[in-house]
Every structure is written in C-alpha cells, then in structure tokens.
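Reader: Could you take me through one part of this model in detail? I'd like to know what sits beside it, and how well covered it is.

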Amino acid sequence: MSKSNYLENEVLNLFLKGSAHTQLTGGVFLGIISDENPTDSSVTEISAGSYTATSEANSSSRPPITFGTVSNGSVSGPTTDIEFENTSGVEFTVRGFAVYDAATSGDLLYYGQLATDKPIADGDSIRFEAPSSITITEA
C-alpha cells in the first residue's frame, strides 16, 4: 500500500508548515486499477464504464468506501462489501485498487496491489469484503 505524492505533500504542508487543508466532506471512493507495479504517475484506473459497482447505482462513478476505526497507525475497510461487476462485454484484469477523494476525477490518495491478479470476464466480479479487505498503515 502506498500513499500518493499528493497526500504526502498535503500532510507535510498541514503538520509542518501549518498550511490550510480543505477537509474531505464527500468521503473517499474506491477505484480498481490494471497496473502491475503502480506508482503515482502510472496508476491506470479501469474505467467506471467497464463495470457496475453493486454498492453504487451510478455506474459512471467510483463507489464510496468507508473505513473502520483508526488504531495503532492502521485502518481497515470497507465496512460494507463493495463488488465490481464487469458489464463491458470485454475481459479485463484487476491488479490493484486506489482510494480517491472524489467519485469522478479528484485526487489519488492511496493505492495498492492485490495479492493475486484477478481476470474479470463479462458478468464476473471482484469483491472487497468487509471488514478488512484493505488495510492502510502509516509507518
């Protein structure tokens, strides 16, 4: 799991320089990515038009994700299952996930790889199960 350069800069500016930061009011959102070795500059999100997220009626945006209680520098989620179903008719492979500050566009906050790549044929799905499919740890 990696923190984006954007978020690293925001944290440093907030805590070491006292710079103002706009609080996230709309929550955070989960995307799925196809990169084998993602970096800030190479996170390739699988288009929202390629899937339907069962937790979100609008297939043109990322579904919201809620995390549990922060403890000892870690937080896990989602607090409810999030499933992405392939509705594009074209197979794709999910290799990772990304957390953003907006349902569309927005800023990348965190990203990580799956333990095993998941090919998704038309009609197949990938599920991030509650309560701890994703754990974010600050070291």
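**A close look at one strand**

Author: Happy to! Strand 2 and strand 7 (residues 92-100) pair in the antiparallel sense, with five bridges between them. Strands here are DSSP runs (E, at least two residues), numbered from the N terminus, and pairing takes at least two DSSP bridges. This is a predicted model, in which local features need pLDDT of at least 70, side-chain atom pairs count only at pLDDT 80 or more, and totals for chains, interfaces and linings use all residues. Residues are numbered from 1 along each chain as its sequence is written, and side-chain values use heavy atoms, leaving out hydrogens and water.

Phe29 is a good place to start. Its opposite number in strand 7 is Tyr100. Phe29 also stands opposite Pro64 in strand 4, and strand 2 pairs with strand 4 (residues 64-65) in the antiparallel sense over two bridges.

Now for the cover. Six of the six residues of strand 2 (residues 28-33) are buried, meaning under 20% relative accessible area with a 1.4 Å probe, protein chains only. Phe29 points one way together with Gly31 and Ile33, while Val28, Leu30 and Ile32 point the other way, and all are buried.

Val28 brings us to a pocket, an open set of 1 Å grid points where a 1.4 Å probe fits, with protein on both sides within 12 Å along at least five of seven lines. The largest pocket holds about 520 Å³ of space, the volume filled by probe spheres set on the points. Of its 23 lining residues (an atom within 4 Å of a point), those closest to its centre are Val28, Leu7, Leu24, Leu109 and Tyr110.

Notes: Buried means under 20% relative accessible area, exposed over 50%, partly exposed in between (1.4 Å probe, protein chains only). Helices (H or I, at least four residues) and strands (E, at least two) are DSSP runs, numbered from the N terminus.
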